[in-house]
Amino acid sequence: MTAKLVVGTQWGDEGKAKIIDYLSSQIDYIVRYQGGANAGHTVSVNDEVYIFHLIPSGILYPDTTCVIANGVALDPISFMEEVAYLKERGIDVFERTILSDSCHIVLPLHRAIDAARETAAGDKQIGTTKRGIGVCYGDKVMRIGLRLGDLLDKDRLKECLTHFLDVKNRVLANMYSEPVVDFDPLYKSLLEFGEKVRPIVRNTSLELNTALKAGKSVLLEGAQGTGLDIDFGTYPYVTSSNPTTGGAIAGSGISFQHLNEVIGIAKAYVTRVGEGPFPTELHGDEAEELRKIGREFGATTGRPRRCGWFDVELLRHAARVNGLTGIALTKIDILANYDEIKIGVAYKRNGQRLPAFPTDGNLDGIEVEYETMPGWNEDISKARKLSDLPKNCRDYIDRLEELIEVPIKFISVGPGRKDTIVVDD
Ligand code: GDP
Ligand code: IMO
Ligand code: MG
């Protein structure tokens with residue numbers, strides 16, 4: 001058996017969880033490999049809506065094992081809140097979830113510094129989710145971070161936490177004038193969390209590779225998206241991890257040899273939350289209309305999402321850096337009431353076409369060349385096969401496929417499982 005990866009191709013919120021949920025029914029392991037509780041993944045099943053932040057979206061299937069792998073920034077408070085939220089809805093997370101011993105731990109002080117840094121940044125704000133993710137990954141890279149395995153041994157935790165607070169309290173007090181953190185209550189709460197999760201902490205890389213060798217199937221669940229990737233996104237307006245394919249390998253410890261499918265999730269238009277460049281962005285009434293019809297409000301922070309037309313350069317970039325083998329096009333039902341639909345097909349600067357999506361993060365002065373296609377002015381949410389779609393809608397999909405040069409394998413026409421068209425080869 002092999003591993004499949006689902007990755008965001010735009011700036012997050014592409015509808016990854018909807019497609020992950022759709023693909024999960026026959027899967028043994030669903031793995032989160034990066035990011036943390038900055039993600040907001042929405043799954044609609046029958047009349048129920050679930051929003052996941054840390055727990056893989058596959059938890060809704062009774063026979064899957066959910067994995068929070070080494071690349072995830074694990075916030076114990078968010079995790080326990082999500083466990084309680086799912087318990088109320090009849091799902092026992094502890095029964096079917098395993099956690100990597102090498103996940104880095106997000107602490108309340110990471111959140112406090114994230115928020116304080118944003119406030120201090122003035123007009124250089126990133127517009128983070130304030131979940132402490134970037135600060136936690138910063139400590140990982142600085143090699144002072146706490147990992148889940150550290151929480152399982154009281155002497156080791158004492159030593160690591162003493163060193164960690166020694167560094168961080170100086171930062172809190174001197175840089176941000178924030179209150180310093182007392183050792184004792186934090187030590188106690190981390191030990192308590194360690195005890196709670198001890199039975200489900202594992203070497204998840206070993207477990208996943210062993211399972212794959214034994215013929216089990218694995219689905220890797222990306223959070224965020226390519227435009228938010230720390231290396232391939234619009235730096236510095238990015239998140240602090242690699243949602244892209246390389247990050248899936250590093251963040252799960254699965255051998256690349258097992259990965260045989262990379263499905264890029266692309267919304268039929270584009271959204272972005274937070275600051276940063278967005279070449280095909282709509283403004284004013286046009287943006288408001290799309291936001292309203294698409295219900296584009298953040299699943300984690302509730303912030304209104306910025307909205308714009310489909311951006312082919314961004315998708316071609318995502319296809320390249322992720323090695324996409326297929327695309328799932330989502331929310332195309334939202335474009336039902338447009339007489340005309342625009343597609344951003346190329347970037348230009350000073351009248352010259354750029355060869356590709358810029359990787360230097362500088363999108364200043366970019367002009368977008370658009371193609372305009374006729375809309376279909378018809379509700380398509382009940383379509384279940386390609387031939388149910390009106391011709392203008394199929395033409396739009398075909399044109400996107402032609403421009404991106406990656407096959408569109410799934411078309412999503414609504415939030416539910418059944419609202420999905422599988423495109424036959
Ligand atoms: P994710 O972070 O990529 O998993 O996406 P979010 O959950 O943040 O946002 C996607 C939103 O669109 C959610 O509210 C989904 O229920 C919804 N959604 C997903 N696919 C479709 C679709 O094809 N049509 C419609 N109308 N809604 C969709
Ligand atoms: P899902 O998985 C959309 C954005 C934030 C901000 C930037 C950095 O639901 O697609 P961070 O808190 O990560 O340091 O913020 O990244 N961002 C997301 N935008 N969807 C997400 O996740 C996001 N996670 C982070 O808005 O611009
Ligand atoms: Mg989301």
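## Ligand 2 and helix H2

By class, the shell around ligand 2 in this predicted model comprises seven nonpolar, 10 polar and three charged residues (nonpolar: Ala, Val, Leu, Ile, Met, Phe, Trp, Tyr, Cys and Pro; charged: Asp, Glu, Lys and Arg; polar: the others, Gly among them). Local features need pLDDT of at least 70, and side-chain atom pairs count only at pLDDT 80 or more. Side-chain values use heavy atoms, without hydrogens and water.

In total, 20 residues surround ligand 2, the closest being Lys16, His41, Thr129, Gln224 and Thr239; the criterion is a heavy atom within 4 Å. The table lists polar contacts, that is, pairs of N or O atoms within 3.5 Å.

| Side chain | Distance to an oxygen atom of ligand 2 |
|---|---|
| Asn38 | 2.9 Å |
| His41 | 2.7 Å |
| Arg303 | 2.9 Å |

The protein covers 97% of the 550 Å² of accessible area that ligand 2 has on its own (Shrake-Rupley method, 1.4 Å probe).

Helix H2 (a DSSP run of H or I, at least four residues, numbered from the N terminus) consists of 13 residues, 76-88. Its end C-alpha atoms are 18 Å apart, in agreement with the 18 Å expected at 1.5 Å a residue, where the expected span is 1.5 Å times one less than the number of residues. Pro76, Ser78, Phe79, Glu82, Val83 and Leu86 are the buried residues of H2 (buried: under 20% relative accessible area; exposed: over 50%; 1.4 Å probe, protein chains only). Because these residues cover an arc of only 160 degrees around the axis, they lie on the same side of H2; the arc is that of the directions from the helix axis to the C-beta atoms. Exposed Glu81 and Glu88 are carried on the face turned away from the buried side.

At the start of H2, a side-chain oxygen of Asp75 reaches to within 2.9 Å of the backbone nitrogen of Ile77. Gly90, with a positive phi near 85 degrees, follows H2.

Key
Residues are numbered from 1 along each chain as its sequence is written. Chains are lettered from A and ligands numbered from 1 in the order in which they are written. A polar contact is a pair of N or O atoms within 3.5 Å; within protein, one must be able to donate a hydrogen and the other to accept it, and residues adjacent in sequence count only if both atoms are side-chain atoms. Helices (H or I, at least four residues) and strands (E, at least two) are DSSP runs, numbered from the N terminus.
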